[in-house]
Amino acid sequence: MKLAHAPRTLPKLNFEVKAQSSGVVCASAEVPGSTWAAVRATSVLQCTKKEVVKLLLDDSRISDFDDMLDSFTLLTRVNPYNAVRHMRFKAIWPTSGRDFVVCSTWEGDLYDLEPAIIAATSYKDSLAEPEKFPNLVRGSIPINGYLIEPFESILPEDAEKTVAECKMKPGDFGPGHV
């Protein structure tokens, strides 16, 4: 088998810490060759991987994590791992409110020591396209997600390291929930 092109190599991002509070470290980096910025929040949690994943995927808890969420509608749940939601966010003066059509997915075994991944991106499909609201600006999420990495022995029993990354274009703001 021949490769049609050489594998793409990605430059290492130079993250700069912007803030730290309550055990959460927030950092950002410019993405070379694009108008994107990468934002990363890292924290260590005293719980199991299963508890973190279940909490992040629980639709009834979305507003607990993001007080800017105005409302959301589950458009379709394809299977336990994939869902499409329409999320509407409050305006932050002087900008208009935003809405997003988000497709989220996750994978990983809840009981092993391997990382679990939860990812979301904007979804474009006429079958799942909700009505457009005149007072909202439709946002776009190139990629957003969580990497949940269990620690074996370097931290107290059952501690987990959760990394949330969001890449966005200037002018958009992404939902706090995938």
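A polar contact is a pair of N or O atoms within 3.5 Å; inside a protein, one of the two must be able to donate a hydrogen and the other to accept it. Keep that in mind for the views below, which come from a predicted model.

**View 1. The whole chain, mostly strands by count, with 2 helices and 10 strands.**
Start by tracing the chain from its beginning: the order of elements reads β-β-β-α-α-β-β-β-β-β-β-β. The chain has 178 residues, and 33% of them count as buried. Now look at who meets whom: among contacts with a separation of 6 or more, 49% join residues that are 24 or more positions apart. As for the outside, the accessible surface comes to about 11,300 Å², and carbon and sulfur atoms make up 56% of that.

**View 2. R85 and its two polar partners, D59 and S104.**
Zoom in on strand β5, which covers residues 82-89, and you'll find R85. Is R85 buried or exposed? Its relative accessibility is 2%, so R85 counts as buried, given that the cut-off is under 20%. The R85 side chain has company, though. It makes a polar contact with the side chain of D59 at 2.7 Å, and another with the side chain of S104 at 2.9 Å.

**View 3. The largest nonpolar core, built from 10 residues.**
In soluble globular proteins, nonpolar side chains tend to be buried together. Here, the biggest such group includes C47, V52, V53, L56 and W106. L110, A116, I118, Y146 and I148 belong to it too. Which elements give two or more residues to this core? They are α1 (49-56), β7 (116-122) and β9 (143-150). Helix α1 supplies the largest share, with 3 residues. Pick out L110 and look around: setting aside residues up to four places away in sequence, L110 touches K49, K50 and V53.

**View 4. A second core, separate from the one with L110.**
This group has 8 residues, among them L69, V102, A120 and I141. Hold on to I141, as we'll meet it again in the next view.

**View 5. S122 in strand β7, and its link to I141.**
S122 sits in strand β7. With a relative accessibility of 15%, S122 counts as buried. A polar atom of the S122 side chain lies 2.5 Å from the backbone nitrogen of I141. Which residues is S122 in contact with, leaving aside neighbours within four places in sequence? They are V101, G139, S140 and I141.

Terms used: Residues are numbered from 1 along each chain as its sequence is written. This is a predicted model: local features need pLDDT of at least 70, side-chain atom pairs count only at pLDDT 80 or more; totals for chains, interfaces and linings use all residues. Side-chain values use heavy atoms; hydrogens and water are left out. A nonpolar core is a set of buried Ala, Val, Leu, Ile, Met, Phe, Trp, Tyr and Cys residues joined through side-chain atoms within 4.5 Å. Buried means under 20% relative accessible area, exposed over 50%, partly exposed in between (1.4 Å probe, protein chains only). Helices (H or I, at least four residues) and strands (E, at least two) are DSSP runs, numbered from the N terminus. Contact means heavy atoms within 4.5 Å. Accessible areas come from the Shrake-Rupley method with a 1.4 Å probe; for residues, only the protein chains shown count as cover.
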